[in-house]
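User: I have a structure open and would like to talk through the reasoning behind some of its labels. Could you take a look with me?

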Amino acid sequence: MGDFHQNASIATLHDLTDMPVERLEMQLAEFAASRPIALLLPSLYSELKSAALEGIVEQLKSVNYISDIVIGLDRANAEEFAHAKEYFSRLPQRHHILWNDGPRLKALHAELERHDLAPREPGKGRNVWYCTGYILSLRRIDVVALHDCDILTYDRRMLARLIYPVANPHFSYIFSKGYYARVAGGSMNGRVTRLLITPLLWSLRRVIGPHEFIDYLEGFRYPLAGEFAMRASVLPDLRIPSDWGLEIGVLSEVRRNLNPRVICQVDIADNYDHKHQPLSEDNPEAGLSRMSKDIAKAIYRKLAADGTTFSSETFRTLKATYYRAALDLIETYYHDAALNGLEFDRHAEEQAVELFAKNIVEAGHVFLENPMEIPFIPSWNRIHNAVPDFVEKLNKAVAADAADKT
């Protein structure tokens, strides 16, 4: 049961009555008659062997208002792609698999490289970007939703609530962000949001002063949620980060392109659990260590683009301010966990804060050493201007992969 609190920046739509999913789906089916809806699923091949994706696919079989499901498949060889086609064949909706490691899509990627427009690193950002280009090539989609394939607590009500604000023609929302409590298995999860984002934004305000972008990010209950929906008209101008800063980067782009009054967040689940990333203290290029640096850099870049000046001294001060704020928050989280009968490992929480504090400075040094780094993949409007028939080629390549005998 959610509250009805509203902040000053982003409209918040709560879960107040546990409205039956069947009622939501009936309305969404009516909306979809004039606003066709697609779902984008970025997936690793390894996730086809997981209980999470199995549960998601079984839930999606009952969703009648989705016309198209676009699956971005990473790290799959030919045999595994053939298995993926069989795996997703049970979906009753039109479904399209982008075999990102297949020869046709690799050839298209090479074409973009010749124009210096290709995504520079593999990963979720690149996967999502190619899928959005493919959705544009369909030329019939009005609303697009996206979520990950590792959600262990997935149910179709989550999807219906996420899509409803942007599909309802009587609402003005163009972008909807999901949020939820990260509580599962008797413990409080969501370490990067709780222990990095929240105290970092507090500290940035103290160090650099009030800023609209900080206020905007603080308006989101769970800014790192991987579930969002939007009108397809947003896609051509949307620049997508290629690293772990995807969610923050998308929020930044949405703010750049849209009036805040057409952005909302919606409570989509009482509890939420997915695959947990390791802290990776010994490997700065993996897990939450890599994630925390990419997220910090994404925030620094946006603030710099808005006119904020950073220096080495700024980041040293920010680290000290962050560390104190994060430790104070751990105390609050401990009280919250105790009141709700949840397990709480203070040592593990402080370990995470120590790593994040170090990475806040390291991310700052990387930013200062390479301030001209371009973290975003080019928008699809830019691709169209450089290679006008590219999305048509992408459409045909996906169709050809689907038609190949396996």
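Analyst: Happy to; what follows is a conversation about a predicted model, and we can start with the overall fold.

User: What makes the protein as compact as a globular protein of its length?

Analyst: Let's begin with the makeup: the secondary structure comes to 14 helices and 12 strands. The radius of gyration is 21 Å, and the globule rule gives 22 Å for 406 residues; the two values are close, so the protein is as compact as a globular protein of that length. Along the principal axes, the C-alpha atoms fill a box of roughly 60 × 50 × 40 Å. Among contacts with a separation of 6 or more, 83% join residues 24 or more positions apart.

User: How much of the protein is buried, and what does its surface come to?

Analyst: Buried residues account for 56% of the 406 residues. The accessible surface is about 17600 Å², and carbon and sulfur atoms contribute 51% of that.

User: Which residues touch the most other members of the largest nonpolar core?

Analyst: That core has 142 residues, and those touching the most other members are Leu60, Tyr65, Phe88, Leu159, Ile163 and Ile299. Helix α11 (residues 312-339) gives the most to this core, with 9 residues. As background, nonpolar side chains in soluble globular proteins tend to be buried together. If you would like to zoom in on one member, try Phe88: beyond its neighbours within four places in sequence, Phe88 is in contact with Leu48, Leu53, Val57, Ile71, His95 and Ile97.

User: Why is Ile360 called buried?

Analyst: Buried means under 20% relative accessible area. Ile360 has a relative accessible area of 0%, so Ile360 is buried. You will find Ile360 in helix α12 (residues 346-369). Leaving out residues up to four places away in sequence, Ile360 touches Leu196, Leu200, Tyr300, Phe315, Leu318 and Tyr322. Ile360 and Lys293 are 67 residues apart in sequence, and their C-alpha atoms are 6.5 Å apart in space.

User: Leu200 is one of the residues that Ile360 touches. How do you know whether Leu200 is buried or exposed?

Analyst: Its relative accessible area is 0%, so Leu200 is buried. Leu200 sits in helix α7 (residues 191-208). Beyond four places in sequence, Leu200 contacts Ile299, Leu318, Tyr322 and Ile360. The C-alpha atoms of Leu200 and Ile360 are separated by 8.6 Å, with the two positions 160 residues apart along the chain.

User: What about a loop residue: how do you know whether Thr308 is buried or exposed?

Analyst: Good one to check! Thr308 lies in the loop between α10 (287-305) and α11. The relative accessible area of Thr308 is 17%, and the limit for buried is under 20%, so Thr308 is buried. Setting aside residues up to four places away in sequence, Thr308 touches Ile208, His211 and Leu303.

User: Why is Asp18 called partly exposed, and why is Arg139 called exposed?

Analyst: The partly exposed class runs between 20% and 50%, and exposed means over 50%. Asp18 has a relative accessible area of 47%, so Asp18 is partly exposed. Arg139 is at 60%, so Arg139 counts as exposed. Asp18 is in the loop between β1 (11-13) and α1 (21-32), whereas Arg139 is in the loop between α5 (124-138) and β5 (143-146).

User: What is the phi of Asp18, and what is the phi of Arg139?

Analyst: Asp18 has a positive phi of about 55 degrees although it is not a glycine. Arg139, also not a glycine, has a positive phi of about 60 degrees.

Note on methods:
Residues are numbered from 1 along each chain as its sequence is written. This is a predicted model: local features need pLDDT of at least 70, side-chain atom pairs count only at pLDDT 80 or more; totals for chains, interfaces and linings use all residues. Side-chain values use heavy atoms; hydrogens and water are left out. Helices (H or I, at least four residues) and strands (E, at least two) are DSSP runs, numbered from the N terminus. The radius of gyration is taken over C-alpha atoms; the globule rule is 2.2 Å times the number of residues to the power 0.38. Buried means under 20% relative accessible area, exposed over 50%, partly exposed in between (1.4 Å probe, protein chains only). Contact means heavy atoms within 4.5 Å. Accessible areas come from the Shrake-Rupley method with a 1.4 Å probe; for residues, only the protein chains shown count as cover. A nonpolar core is a set of buried Ala, Val, Leu, Ile, Met, Phe, Trp, Tyr and Cys residues joined through side-chain atoms within 4.5 Å.
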